[in-house]
Amino acid sequence: MSRLVRFKATDRVLLIICLMYLVTYIDRVNIGTAAPAMQKELGLSNFELGLAFSAFAYPYAFFQIAGGWLGDRLGPRMTLLICGTIWSAATVAIGFVEGAVSLVIARFVLGVGEGSAFPTATRALANWMAADRRGFAQGITHAFARLGNALTPPLIALLIVALSWRESFVIVGIISFAWVALWFWYFRDDPRDHRHVTPDEIAVLPAVKIAGERKAVPWRRLLKRMLPVTMTDFCYGWTLWLFLNWIPSYFLHQYQLDIKKSAIFASGVFFAGVVGDTVGGVVSDRILRKTGSVSKARVSVIVVGFLGAFLFMLPVLFATELVTITLCLSGAFFFAELIVAPIWAVPMDIAPQHSGTASGFMNFGFGLAGMISPVVFGAVIDATGRWDLPFVASLGLLLLGAVLALRMRPDEPFLDDAAEETPPVATAPAAVRPQA
C-alpha cells in the first residue's frame with residue numbers, strides 16, 4: 001500500500017503517456033519490418049512502398065497544428081480519446097489491405113489519428129509537469145517511443161513467422177484500443193480535478209489559469225515565433241524517418257540478412273535511441289537546475305546531438321563491415337535522439353498557455369520531412385540499387401540543424417496580445433536557480 005502511495009498521480013499520468021508513445025510508434029513503424037513480406041504478397045515496388053510510408057506523413061503534418069489546437073480547445077482527455085480510436089482502427093485495417101491503394105489509404109488514416117497525439121500529450125504534460133521536470137518528461141516519453149522502435153522489429157518478425165504480417169497489424173491495433181480505454185478512465189485535463197493528486201503535487205504544478213484556461217490562439221505571431229524551432233525539427237525529422245522506415249530493409253538488402261537477423265540488428269540501433277532520449281532529457285534538466293538558463297539547457301544539448309549524429313553517420317558512406325556499420329548507426333541514432341527531449345520542451349518553455357498549438361507548429365517540420373524523405377529514399381534506391389545513398393542528404397541536414405538550433409530562443413517567453421496578462425516564466429523556478 002505504501003508503495004502505491006509513493007507512486008504519485010503525476011507519475012502515473014506520465015507513465016500512461018509513455019505507454020501512448022510506445023504503442024503509437026509500434027503502430028507507425030511496424031510497416032518497416034513487415035515491408036518485405038507485404039511487398040512480396042501485394043507486388044509493391046520500393047517507390048510504391050515509399051508512397052505508403054509517406055501517406056502517413058501528410059495528414060500527420062497537418063494534424064500537428066490542427067490537432068494541437070484541438071488539444072488546447074477540447075482538452076487532452078477528449079482529444080486523445082478521439083484520435084486514439086482513429087489510429088487504432090487504422091492499424092487493424094492495414095491487416096486487411098489488398099494492394100497499394102488500400103495500403104496508402106489505411107496509412108493516411110493512421111496519420112490522421114496519430115497527428116494529434118504528441119502535441120496533445122505535450123499539452124497534457126504542460127498541465128501535469130513542473131517546469132524543471134519538462135525535459136525529463138519529454139525525454140522519458142520519447143524514450144518509450146524509441147523502445148517501441150526497438151521492440152517492433154523482433155515483435156513483428158515473431159508475429160509474421162508465427163502467424164502472418166496481416167495478423168501482426170490486427171494484434172497491435174487491439175493493444176492500441178486497450179490504451180485508449182486506460183487513458184479515458186484515468187486522465188483528467190486539470191490535475192486539480194483528479195481524486196488521487198496530492199496538495200504537494202499541486203503546489204509545484206502550473207497555475208490554474210495555465211492548466212485549465214482555453215485561450216484564443218494568436219496564430220500568426222505564434223507561427224513566427226516557432227518557425228526556427230519548426231525548421232530545426234525538419235532537419236531532425238529527415239534523419240529520423242530514414243531510420244524508422246528504412247533501417248530494417250537496409251540490413252536485409254544491403255547485407256542479405258533474413259528477416260529475423262535484420263530485425264535484431266535494427267533493434268540494436270533503435271535501443272541506442274532509447275538511451276539517447278533519456279540522457280537528453282536528464283542532461284537538459286540538469287543544466288537548467290545548475291544554470292537557470294533555459295537557452296543553455298535546451299539549445300546546447302540540441303546542437304551537440306546534431307553534430308554527434310553527423311560524425312557517427314559519416315563512416316556509413318565508407319565502411320562495409322556489418323558490425324562497424326551497426327555501431328556507427330547506433331552512435332548516430334543515440335546523438336540524434338539527444339535532440340528530442342529538449343526540442344519538445346521548447347514549446348512548453350516558450351508558450352505553455354498554447355503548448356499544444358506551439359508543439360504542433362514545431363512538429364509540423366517533422367511531418368513535412370516525413371512527406372518528402374520516404375518517397376525520395378525509395379526513388380533513389382529504385383534508380384541506383386544503392387541503400388547507402390539516402391544517408392548523404394541526412395548528413396547535410398544534420399549540419400544545417402545545428403546552425404538553425406542557435407536561432408531558437410526558449411528563454412524568451414511568448415506574450416499574448418493582452419497587455420494585462422503576465423507572461424509565463426520560461427526559466428528555471430526559483431527553487432532550482434543557482435544561488436548568487
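This report walks through the salt bridges of the structure above, which is a predicted model.

Side chains of opposite charge can pair when their charged atoms come close. A search of the whole structure turns up three salt bridges, listed here with the distance between N and O.

| Basic residue | Acidic residue | N to O distance |
|---|---|---|
| Arg-28 | Glu-114 | 2.8 Å |
| Arg-166 | Glu-41 | 2.9 Å |
| Arg-298 | Asp-285 | 3.4 Å |

Let's start with Arg-28 and Glu-114, whose closest N and O atoms are 2.8 Å apart. This pair links distant parts of the chain: Arg-28 belongs to helix α2 (residues 9-42), while Glu-114 sits in helix α5 (residues 100-115), and 86 residues separate them. Both Arg-28 and Glu-114 are buried.

Next comes the salt bridge between Arg-166 and Glu-41. Here helix α8 (residues 165-186) supplies Arg-166 and helix α2 supplies Glu-41, with the two residues 125 residues apart. How exposed or buried is each partner? Arg-166 is buried because its relative accessible area is 16%, under the 20% cut-off. Glu-41 has 48% relative accessibility, so this residue counts as partly exposed.

The remaining salt bridge joins the side chains of Asp-285 and Arg-298. Asp-285 lies in helix α12 (residues 259-291) and Arg-298 in helix α13 (residues 294-313), 13 residues apart. Asp-285 counts as buried because its relative accessibility is 1%. For Arg-298 the value is 0%, so Arg-298 also counts as buried.

Note on methods:
Residues are numbered from 1 along each chain as its sequence is written. This is a predicted model: local features need pLDDT of at least 70, side-chain atom pairs count only at pLDDT 80 or more; totals for chains, interfaces and linings use all residues. Side-chain values use heavy atoms; hydrogens and water are left out. A salt bridge is a side-chain nitrogen of Lys or Arg within 4 Å of a carboxyl oxygen of Asp or Glu. Helices (H or I, at least four residues) and strands (E, at least two) are DSSP runs, numbered from the N terminus. Buried means under 20% relative accessible area, exposed over 50%, partly exposed in between (1.4 Å probe, protein chains only).
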